[in-house]
Amino acid sequence: MASLSPARPTVAAVLTTTSATMAGLLLLAAVTSATDLPLFALPFAASAAIVAVAPTAPFAQPRSILAGHLAASALALVITALAGPSIWAAAVAAGLATAPMLLLRAPHPPATATAALIALTDPDPVFLLNPVLAASLVVILGGVLLGRVLPDRRYPAYWR
């Protein structure tokens with residue numbers, strides 16, 4: 001009986017994907033260092049890794065990254081304003097963040113971590129722009145650049 005697990009990748013595929021992951025993370029780190037914007041947060045590092053590992057997956061596309069992080073963040077800001085920051089608010093915000101992402105046809109799993117982070121830390125609403133919007137754009141730009149540079153790598157698969 002055939003195995004349902006994925007085929008073992010070639011050494012070349014492992015090296016290319018690992019290089020793409022490192023490049024995306026280093027780009028986030030470089031922009032963070034150069035600007036002092038808090039872009040190198042765990043949800044955005046996860047977004048960069050998803051773009052590198054699964055560049056054609058629906059949840060790796062620009063629409064999902066941008067709309068997913070922004071919708072989850074906006075919802076989490078409202079929940080935190082109503083309930084205050086706590087582990088309970090974080091669980092509710094992360095869980096409920098799935099709904100707007102699905103309604104927007106923009107699922108992006110790391111955005112649930114963004115919602116949880118917001119509900120734990122109670123940032124200012126400007127958090128939507130810095131770092132959420134800024135980091136999302138850096139991740140997308142990194143994916144686009146890697147899609148142009150690395151062989152057999154196309155990103156994005158679609159914009160809308």
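Thr32 is found in helix H1, which spans residues 11-35. Helices here are DSSP runs of H or I with at least four residues, numbered from the N terminus. The model is predicted, so local features need pLDDT of at least 70 and side-chain atom pairs count only at pLDDT 80 or more, while totals for chains, interfaces and linings use all residues. Residues are numbered from 1 along each chain as its sequence is written, and side-chain values use heavy atoms, with hydrogens and water left out.

A polar atom of the Thr32 side chain lies 3.2 Å from the backbone nitrogen of Phe40. Neighbours within four places in sequence aside, Thr32 is in contact (heavy atoms within 4.5 Å) with Leu37, Leu39 and Phe40.

**Cavities**

The structure holds two cavities of 30 Å³ or more. A cavity is a set of points on a 1 Å grid over the protein atoms alone where a 1.4 Å probe fits but cannot get out, and lining residues have an atom within 4 Å of a point. A volume is the space filled by probe spheres set on the points, which are joined across faces, edges and corners.

The largest cavity has about 60 Å³ of space. H1, H2 (42-53) and H7 (129-149) each supply at least two residues of its lining, and H7 gives the most, with five. Among the lining residues are Ala20, Leu27, Val51 and Val138. The lining has nine nonpolar, three polar and no charged residues; Ala, Val, Leu, Ile, Met, Phe, Trp, Tyr, Cys and Pro count as nonpolar, Asp, Glu, Lys and Arg as charged, and the others, Gly among them, as polar.

The second largest cavity has about 40 Å³. Its lining includes Pro55, Arg153 and Tyr155. H7 gives the most to this lining, with three residues. By class, six of its residues are nonpolar, two polar and one charged.

**Backbone geometry**

Most residues other than glycine have a negative phi, and most peptide bonds are trans. The table lists the two cis bonds described here.

| Cis peptide bond | Omega | Place of the proline |
|---|---|---|
| Asn130 and Pro131 | about 20° | Pro131: helix H7 |
| Tyr155 and Pro156 | about 0° | Pro156: segment after H7 |

Asp36, in the loop between H1 and H2, has a positive phi near 65°. Asp36 is exposed (over 50% relative accessible area, 1.4 Å probe, protein chains only), at 70%. Asp122 also has a positive phi, of about 55°, and sits in the loop between H6 (110-121) and H7. At 42% relative accessibility, Asp122 counts as partly exposed (between the under 20% of buried and the over 50% of exposed).

Conventions: Polar contact = N/O pair within 3.5 Å; in protein donor to acceptor, adjacent residues only side chain to side chain. 1 Å grid on protein atoms, 1.4 Å probe; cavity = no way out; pocket = protein on both sides within 12 Å on 5 of 7 lines; lining within 4 Å.
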